[in-house]
Amino acid sequence: MFETLPGATMRTQVTVPLRLLDGYSTTARLFSFNGLVDGREHVAFGLGDWSGALRRSADGGAAPLVRLHSECLTGDIFGSQRCDCGPQLREAIERITDKGGFLLYLRQEGRGIGLYSKLDAYALQDTGLDTYEANIALGHAEDERDYSAAAQMLDALGVSRIALLTNNPDKADQLDQLGVTVASVVPTGVFLSPANAGYLAAKANRAAAR
């Protein structure tokens, strides 16, 4: 049985040219929303031929490629090597531009615990805890992200079925419970560095234990 959510509406949409640090450039249609259940300022980026992808999906063709990307200030903006968030974001922008679809940028820093708590968790990881153990030691759940607002955003955009770009099975599970049809799951790349090897191993072990 699907969880019933209130409807969100489009607030603003505007075209923004993007140029990434490595020189890759594209154009995005940015969407903001009213009525999101968590009250946060999440945004959607329509990339590539996103409108054509919606039409093709409505006609029974392939679902648009969609990534739900949770904000990571340290990785997305400053290139922190302690996670793989920045490279995943960079990958998603290009892959979605090629296929046509949407990047949902969700303001859920630190798997939902916030920036300061994420830095506290980093300090605990330096003592030997993994990323999930550190969250628990701080009194948080392993992962506090909730994708209800993402489901609202997709509905407001007219997206009912998606090809989900992720390695995280929880995203597909939550979206399914929220009434979004995940037609396929498209794996992201693995961006391994000496600084994030333990972090990636913890994520892989947690997924394998599900």
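A helix, as the word is used here, is a DSSP run of H or I that holds at least four residues, and helices are numbered from the N terminus. The model described below is predicted.

**Annotated region**

An unreviewed UniProt entry gives residues 27-187 the annotation "domain: GTP cyclohydrolase II". Within residues 27-187, helix makes up 41% of the chain and strand 22%. The C-alpha atoms at the two ends of this stretch lie 24 Å apart.

**Helix H4**

Helix H4 spans residues 115-125. Its buried residues are Ser117, Lys118, Ala121, Tyr122 and Gln125. They sit on the same side of H4, because the arc they cover around the axis is only 155°. What do the buried residues of H4 pack against? Their partners are helix H2 (73-77) and helix H5 (131-137).

**Helix H2 and a surface patch**

Ile77 belongs to helix H2. Is Ile77 buried or exposed? A residue counts as exposed when its relative accessible area is over 50%. Ile77 has 52% relative accessibility, so Ile77 is exposed. Together with Leu73 and Phe78, Ile77 makes a nonpolar patch on the surface, and the accessible area of the three adds up to about 320 Å².

**Helix H7**

Asp176 lies in helix H7, which runs over residues 169-177. Along the chain, Asp176 and Glu3 are 173 residues apart, while 9.4 Å separates their C-alpha atoms.

The table sets out the accessibility of two residues named above.

| Residue | Relative accessible area | Class |
|---|---|---|
| Ile77 | 52% | exposed |
| Asp176 | 46% | partly exposed |

Methods:
Residues are numbered from 1 along each chain as its sequence is written. This is a predicted model: local features need pLDDT of at least 70, side-chain atom pairs count only at pLDDT 80 or more; totals for chains, interfaces and linings use all residues. Side-chain values use heavy atoms; hydrogens and water are left out. UniProt positions are given in the numbering used here, feature names are shortened, and annotations may be inferred rather than shown by experiment. Buried means under 20% relative accessible area, exposed over 50%, partly exposed in between (1.4 Å probe, protein chains only). The arc is that of the directions from the helix axis to the C-beta atoms. Contact means heavy atoms within 4.5 Å. Patches are made of residues with over 30% relative accessible area and no salt bridge: like charges are joined within 9 Å, nonpolar side chains (Val, Leu, Ile, Met, Phe, Trp, Tyr) within 5 Å. Accessible areas come from the Shrake-Rupley method with a 1.4 Å probe; for residues, only the protein chains shown count as cover. A salt bridge is a side-chain nitrogen of Lys or Arg within 4 Å of a carboxyl oxygen of Asp or Glu.
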